[in-house]
Amino acid sequence: MIRIQKEDFSIDQEIKSLLADNQRTGAVVTMTGIVREFTAHQHVQAMELEHYPGMTEKELEKIATTAMTRFSLQAVRVVHRVGRLTAGENIVLVIAAAAHRGHAFDGCRFIIDYLKIRATFWKKEITPQGEKWIDSCPGCEAAASQWEELRQLPHTHASQPNKPAHGGHHHSHHSHPLEINWLGLRTGILTLSDSRNLHSDSSGDILEKLAKEAGAEVVARHLLPDDRAQIADLLCHWADDMGLDVILTTGGTGPSPRDVTPEATQDVCDRILPGIAELIRMEGLKQVRSAVLTRGITALRATTLVINLPGSRHGASQSFTAMADLVPHILSMARGGGH
Amino acid sequence: MTQFLFFARVRERIGSAQLDIPLPKEVRTVAQMLDHLRGQGEPFTSALAGSHLRIAVNQSYAQPNDPVDDKDEVAIFPPVSGG
């Protein structure tokens with residue numbers, strides 16, 4: 001079922017040998033991972049892959065066995081390569097065989113999503129500028145956590161008898177907040193203020209606490225004056241160079257001419273999610289009428305989500321709670337995942 | 001002696017892939033074990049700095065409060081990046 005090897009693999013041969021004993025298979029889905037020649041900024045010449053012999057096989061067995069049961073798969077194969085691989089070469093192959101295509105697609109995707117967060121492999125990129133360990137996988141925790149979310153849904157509906165049923169299909173959309181799960185999300189917190197310093201930054205403190213409680217890794221924290229160019233510059237650095245998943249800003253969203261956080265965010269982002277900012281203002285309005293004066297936006301720079309929150313400690317924490325459960329789903333979709 | 005294995009960036013910073021290190025009796029959990037190692041000076045202090053490390057005890061992921069003892073195989077590594 002599981003193989004770790006230096007050599008390349010042939011997808012055809014793997015499928016043939018997998019199906020040799022399975023006459024009842026009606027659908028086979030394969031996923032092949034390939035060494036990309038270009039990442040965000042760099043030309044990748046090769047990758048060095050290492051793993052933890054023993055543990056890797058155990059983790060992959062657990063994932064494959066879980067997938068077989070959960071999606072009624074008839075056969076699974078995972079082949080992962082290690083050692084030095086050059087651009088364009090195969091890295092990993094996942095095959096899921098089932099009676100029908102739905103289970104084969106779901107099973108294959110479940111296995112690769114969990115492989116990415118649990119299987120003990122590490123990649124080092126070799127570029128003309130030098131070597132670089134890849135020690136994060138933006139969006140991977142979010143992708144895997146979706147499978148948990150789907151499983152929780154029927155239970156959530158059952159405990160809310162006043163809600164109309166959604167036809168029992170597990171892809172049904174939920175309108176009520178779920179558990180906040182930011183497990184593994186690399187998060188930055190940026191406070192914008194002309195008067196505070198990091199020691200008196202109680203809004204940044206509460207956001208850091210809330211993000212950590214949700215499971216996030218807070219890997220960057222900074223305070224800047226209300227300066228549009230400086231803010232834009234730091235957002236780019238955190239998104240592009242540090243590869244953060246989420247950037248929470250607090251402050252600089254009011255109507256005063258000094259407040260430029262939404263403008264700086266708009267300067268560097270490509271897509272706006274108006275609904276999230278509306279949700280934040282709607283929740284704020286329940287507490288205080290002036291909450292509608294916050295001009296904060298929520299937007300994506302490629303796959304980094306930037307969320308402008310108000311500057312007050314209470315406003316920041318309330319706004320976080322209003323939208324945080326939606327973040328893993330946004331990131332997963334921004335990275336090309338489905339619902 | 002507890003057998004320690006290090007991988008990827010942690011292995012490079014420690015300078016070896018495997019070390020046998022005795023753990024004092026009062027070290028009973030994963031969190032205490034990490035604190036103990038960090039207190040052993042360089043290269044441990046800087047190689048094990050930060051909160052992003054993953055720990056496996058006997059080839060299974062472990063949480064800070066899980067037990068460790070001197071017959072265990074303990075692996076310390078950064079978040080995984082395969083696939």
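Of the 83 residues of chain B, 28% count as buried, and I should say at once that this is a predicted model, so please take everything that follows in that light. The secondary structure of chain B comes to three helices and five strands, and along the sequence these elements follow the pattern β-α-β-α-α-β-β-β. Residues 24 or more positions apart make up 55% of the contacts in chain B that have a separation of 6 or more.

Let me stay with chain B and turn to its backbone. Most residues other than glycine have a negative phi, and most peptide bonds are trans. Ala8(B) is a residue to look at here, since its phi is positive, about 55°, although it is not a glycine. Ala8(B) lies in helix α1 of chain B, residues 8–14, and it counts as buried because it has 25 C-beta neighbours inside 10 Å, where 20 or more are required. Asn58(B) also has a positive phi, near 50°, and is a residue other than glycine, but its setting is a loop, the one between β3 (54–57) and β4 (60–61) of chain B. With 14 other C-beta atoms within 10 Å, Asn58(B) is partly exposed. As for the peptide bonds, the one from Glu42(B) to Pro43(B) is cis, with omega near 5°, and Pro43(B) is found in the loop between α2 (30–38) and α3 (44–47) of chain B.

Now to chain A, and to how it meets chain B. Chain A has 10 helices and 14 strands, and of its 339 residues 41% count as buried. In chain A, 76% of the contacts with a separation of 6 or more are between residues 24 or more positions apart.

How many residues does each chain bring to the contact? Chain A gives 25 residues and chain B gives 14 residues. On the side of chain A that touches chain B, at least two residues come from each of α2 (55–70), β6 (90–98), α3 (101–118), β7 (121–127) and β8 (130–134), and the largest share, five residues, belongs to α3(A). By character, the residues on that side of chain A are 13 nonpolar, five polar and seven charged.

Two of those elements, α2(A) and α3(A), also pack against one another, and their axes come within 9 Å and cross at roughly 155°, which means that α2(A) is roughly antiparallel to α3(A). The crossing in which α2(A) passes α3(A) is right-handed. From α2(A), Glu59(A), Leu60(A), Ile63(A), Ala64(A) and Ala67(A) meet a set of residues in α3(A) that includes Phe110(A), Ile111(A), Tyr114(A) and Arg118(A). The residues of this contact between α2(A) and α3(A) divide into eight nonpolar, one polar and two charged.

Finally, the sheet. Chain A holds an open sheet of six strands in the order β10-β9-β11-β14-β13-β12, with mixed pairing. At its edges stand β10 (217–224) and β12 (271–272) of chain A, each with a single partner strand, so one side of each has no neighbour in the sheet. The partner joined to β12(A) by two bridges is β13(A), residues 298–301, and these strands run antiparallel, with Ile272(A) standing opposite Ala299(A) in β13(A). Across β9 (186–192), β10, β11 (246–250), β13 and β14 (304–309) of chain A lies helix α6, residues 228–241, which runs at about 165° to β10(A).

Notes
Residues are numbered from 1 along each chain as its sequence is written. Chains are lettered from A and ligands numbered from 1 in the order in which they are written. This is a predicted model: local features need pLDDT of at least 70, side-chain atom pairs count only at pLDDT 80 or more; totals for chains, interfaces and linings use all residues. Two residues are in contact if their C-beta atoms, placed from the backbone, lie within 7 Å. Helices (H or I, at least four residues) and strands (E, at least two) are DSSP runs, numbered from the N terminus. Ala, Val, Leu, Ile, Met, Phe, Trp, Tyr, Cys and Pro count as nonpolar, Asp, Glu, Lys and Arg as charged, and the others, Gly among them, as polar. Axes are lines fitted to C-alpha atoms, for helices over the stretch in contact, and angles run from 0 to 180 degrees between N-to-C directions. Angles under 35 degrees count as roughly parallel, over 145 as roughly antiparallel, 65 to 115 as roughly perpendicular and the rest as oblique. A crossing is left-handed if the near helix is turned anticlockwise from the far one by less than a right angle, and right-handed if clockwise. Two strands pair if DSSP finds at least two bridges between them. A residue is buried if 20 or more other C-beta atoms lie within 10 Å of its own, exposed if 12 or fewer, and partly exposed in between; C-beta atoms are placed from the backbone.
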